[in-house]
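Let's take a friendly walk through a protein fold. Have a look at the chain below, and keep it in view as you read.

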Amino acid sequence: PTVLIVDDDPNIQRVICRALKIIDVDTRCASSGQEALDAYDDNIDAVLLDYTMAPMDGVDTLLALRAAHPDAKVAMMSGRHDVSEATMSEYGL
């Protein structure tokens, strides 16, 4: 499988890539929402998407990915403790 890691922190990207390589998962990285949209293709099996990025945050990136690729499998991640399910339901996700 191939996972697209979308995070504006290169250290987070590196740690996740190393962890996934241990279990034989191929990875690609994007540092912004726009890079993720440009990098996404049919070879991507899943996306790990940072919630807090700029200028396009994780939710906006998710909405754009789903608009272009309705079957995209996306998991949101965040280092913040105040991100709630209520925030996601606000967007109908």
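A residue is called buried when its relative accessible area is under 20%, and exposed when that value is over 50%; anything in between is partly exposed. Keep in mind that this is a predicted model.

**A covered strand**

With that cut-off in hand, start at strand β1, residues 2-6. How many of the residues of β1 are buried? The count is 5 of 5, so the strand is mostly covered by the under-20% rule. The cover is found on both faces: T2, L4 and V6 are buried on one side, and V3 and I5 are buried on the other.

**The sheet and its helices**

Now step back to the whole chain. The protein chain holds 4 helices and 4 strands. Read from the N terminus, these elements follow the pattern β-α-β-α-β-α-β-α.

The 4 strands come together in an open sheet with parallel pairing, and their order in the sheet is β2-β1-β3-β4. Which strands sit at the edges? They are β2 (26-30) and β4 (74-77), each of which pairs on one side only. From one strand to the next, the twist averages 20°.

Strand β1 pairs with β2 in the parallel sense, over 5 bridges. Within this pairing, V6 of the chain stands opposite A30 in β2.

Helix α1 (residues 10-22) packs on the sheet and touches β1, β2, β3 (46-50) and β4. The direction of α1 makes about 170° with that of β2. Helix α3 (residues 58-68) lies across β3 and β4, and runs at about 175° to β4.

**Residues to look up**

Here is a small table of single residues, which you can find one by one in the structure.

| Residue | Relative accessible area | Class |
|---|---|---|
| V59 | 2% | buried |
| Q13 | 10% | buried |
| T27 | 18% | buried |
| D41 | 26% | partly exposed |
| R28 | 29% | partly exposed |
| D24 | 66% | exposed |

Let's visit them in turn, beginning with Q13, which is found in helix α1. Where does the side chain of Q13 make a polar contact? One of its polar atoms lies 3.0 Å from the backbone oxygen of A30. Setting aside neighbours within four places in sequence, Q13 is in contact with I5, D7, C29, A30 and S31. Q13 counts as buried because its relative accessibility is 10%.

Next comes T27, which lies in strand β2. Leaving out neighbours within four places in sequence, T27 is in contact with V3, I5, C17, L20 and K21. Is T27 buried or exposed? It is buried, because its relative accessible area is 18% and the cut-off is under 20%.

V59 lies in helix α3. Its C-alpha atom is separated from that of L49 by 8.9 Å, and the two residues are 10 apart along the chain. With a relative accessible area of 2%, V59 is buried.

**A salt bridge**

How many salt bridges does the count give? It comes to 1 salt bridge. In this bridge the side chains of R28 and D41 meet, at 2.9 Å from N to O. The pair links distant parts of the chain: R28 is in strand β2, while D41 is in the loop between α2 (33-39) and β3, 13 residues apart. R28 counts as partly exposed at 29% relative accessibility, and D41 counts as partly exposed at 26%.

**Details in the loops**

Two backbone details are worth finding. A cis peptide bond joins A54 and P55, with omega at about -5°. P55 lies in the loop between β3 and α3.

The other detail is at D24, found in the loop between α1 and β2. D24 has a positive phi of about 60° although it is not a glycine. Why is D24 classed as exposed? Because its relative accessible area is 66%, and exposed means over 50%.

**The chain as a whole**

To finish, consider some totals. Buried residues make up 35% of the 93 residues in the protein chain. The chain exposes about 5,600 Å², and carbon and sulfur atoms supply 51% of that area. Among contacts between residues at least 6 apart in sequence, 64% join residues at least 24 apart.

Technical notes
Residues numbered from 1 in each chain as written. Predicted model: local features only at pLDDT ≥ 70, side-chain atom pairs only at ≥ 80, totals over all residues. Heavy atoms only, no water. Pairing = 2+ DSSP bridges. Helix = DSSP H or I, 4+ residues; strand = E, 2+ residues; numbered from the N terminus. Axes fitted to C-alpha atoms, helices over the stretch in contact; angles between N-to-C directions. Contact = heavy atoms within 4.5 Å. Buried < 20%, exposed > 50% of the residue type's maximum accessible area, 1.4 Å probe, protein only. Areas by Shrake-Rupley, 256 points an atom, 1.4 Å probe, with all protein chains shown as cover. Salt bridge = Lys/Arg side-chain N within 4 Å of Asp/Glu carboxyl O. Polar contact = N/O pair within 3.5 Å; in protein donor to acceptor, adjacent residues only side chain to side chain.
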